[in-house]
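Visitor: Please take one part of this model and examine it closely, together with what packs around it. I should like the criteria to be stated along with the results.

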Amino acid sequence: MKIAVYPGTFDPMTFGHLDIIERASKLFDKVIIGVLHNSAKTPLFSVEERVNILKKATSGISNVEVRAFEGLSVEFARECHANVIVRGLRLITDFEYEMQMAQTNRKLAPDVDTTFLFTSMQYSYLSSTTVKEVASFGGDISEFVPDFIAKEIFLKLEQNK
């Protein structure tokens with residue numbers, strides 16, 4: 001069985017993330033989305049909220065599972081018995097950083113490979129940071145995230161005022 005992990009912060013999950021998840025689910029028998037808990041960052045949503053959002057967004061994809069994790073992606077991959085880490089690339093500017101991470105991960109865990117999937121063209125500009133910024137100014141984010149996530153973002157921003 002080919003198991004892949006797709007690690008990330010997903011704060012919030014966007015249509016770009018969903019694009020990568022859907023495509024990865026067709027390439028691997030099982031895809032485990034790893035929602036990173038990074039104590040150095042202060043995300044808009046808690047790790048539990050992000051896990052729940054991703055579970056809801058991917059509920060129609062039978063071979064996708066969502067879990068929270070802390071630490072290194074390669075260690076998470078090993079815990080999941082995965083031999084592949086999936087990473088999404090939006091623009092060429094993502095490539096240098098991601099290539100460095102893939103090479104470091106390969107050094108740490110030679111049995112775990114990295115697969116890059118380019119985000120579909122219509123989402124190549126999209127980032128979670130952009131979504132949060134547009135939403136913070138009351139902008140329309142309906143083309144960036146599913147409706148239920150947009151509602152959660154605006155609710156969270158209102159609570160944080």
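Guide: The account below takes up helix α2, then its surroundings.

The model is predicted, so local features need pLDDT of at least 70 and side-chain atom pairs count only at pLDDT 80 or more, whereas totals for chains, interfaces and linings use all residues. Residues are numbered from 1 along each chain as its sequence is written, and side-chain values use heavy atoms, with hydrogens and water left out.

Helix α2 comprises residues 47-57; helices (H or I, at least four residues) and strands (E, at least two) are DSSP runs, numbered from the N terminus. Its buried residues are Val47, Arg50, Val51, Ile53, Leu54 and Ala57, where buried means under 20% relative accessible area, exposed over 50%, and partly exposed in between, with a 1.4 Å probe and protein chains only. Viewed down the axis of α2, these residues fall within an arc of 165°, so they line one face of the helix; the arc is that of the directions from the helix axis to the C-beta atoms. Glu48 and Lys56 are exposed, on the face of α2 turned away from its buried side.

The cover over the buried residues of α2 includes α1 (15-27), β2 (30-36), β3 (64-69) and α6 (147-159), contact being heavy atoms within 4.5 Å.

Helix α2 also contributes to the largest nonpolar core, which has 35 residues. Such a core is a set of buried Ala, Val, Leu, Ile, Met, Phe, Trp, Tyr and Cys residues joined through side-chain atoms within 4.5 Å. Two or more residues each come from β1, α1, β2, α2, β3, β4, α5 (128-136) and α6, and α2 gives the most, with five. In soluble globular proteins, nonpolar side chains tend to be buried together. Leu54 is one of the residues with the most contacts inside this core, as are Ile33, Val35, Val86, Ile141, Val145 and Ile153. Ile33 touches Leu54, and its other contacts include Tyr6, Phe10, Ile21, Val64 and Val66, with residues up to four places away in sequence not counted. Apart from this core lies another, of 13 residues, among them Ile32, Phe69, Ala77 and Ala82.

Of the covering elements, α1 deserves a closer description. The buried residues of α1 are Gly16, His17, Leu18, Asp19, Ile20, Ile21, Ala24 and Ser25. At 1.5 Å a residue, its 13 residues should span 18 Å, and its end C-alpha atoms are 19 Å apart, which agrees; the expected span is 1.5 Å times one less than the number of residues. At the N-terminal end of α1, Thr14 acts as a cap, with a side-chain oxygen 3.1 Å from the backbone nitrogen of Gly16.

The loop between β1 (3-8) and α1 holds Pro12, and the peptide bond from Asp11 to Pro12 is cis, with omega near 0°. Phe10, a contact of Ile33, lies in the loop between β1 and α1 as well. Its phi is near 55°, a positive value in a residue other than glycine, and Phe10 is buried, with a relative accessible area of 5%.

How values were computed:
A polar contact is a pair of N or O atoms within 3.5 Å; within protein, one must be able to donate a hydrogen and the other to accept it, and residues adjacent in sequence count only if both atoms are side-chain atoms.
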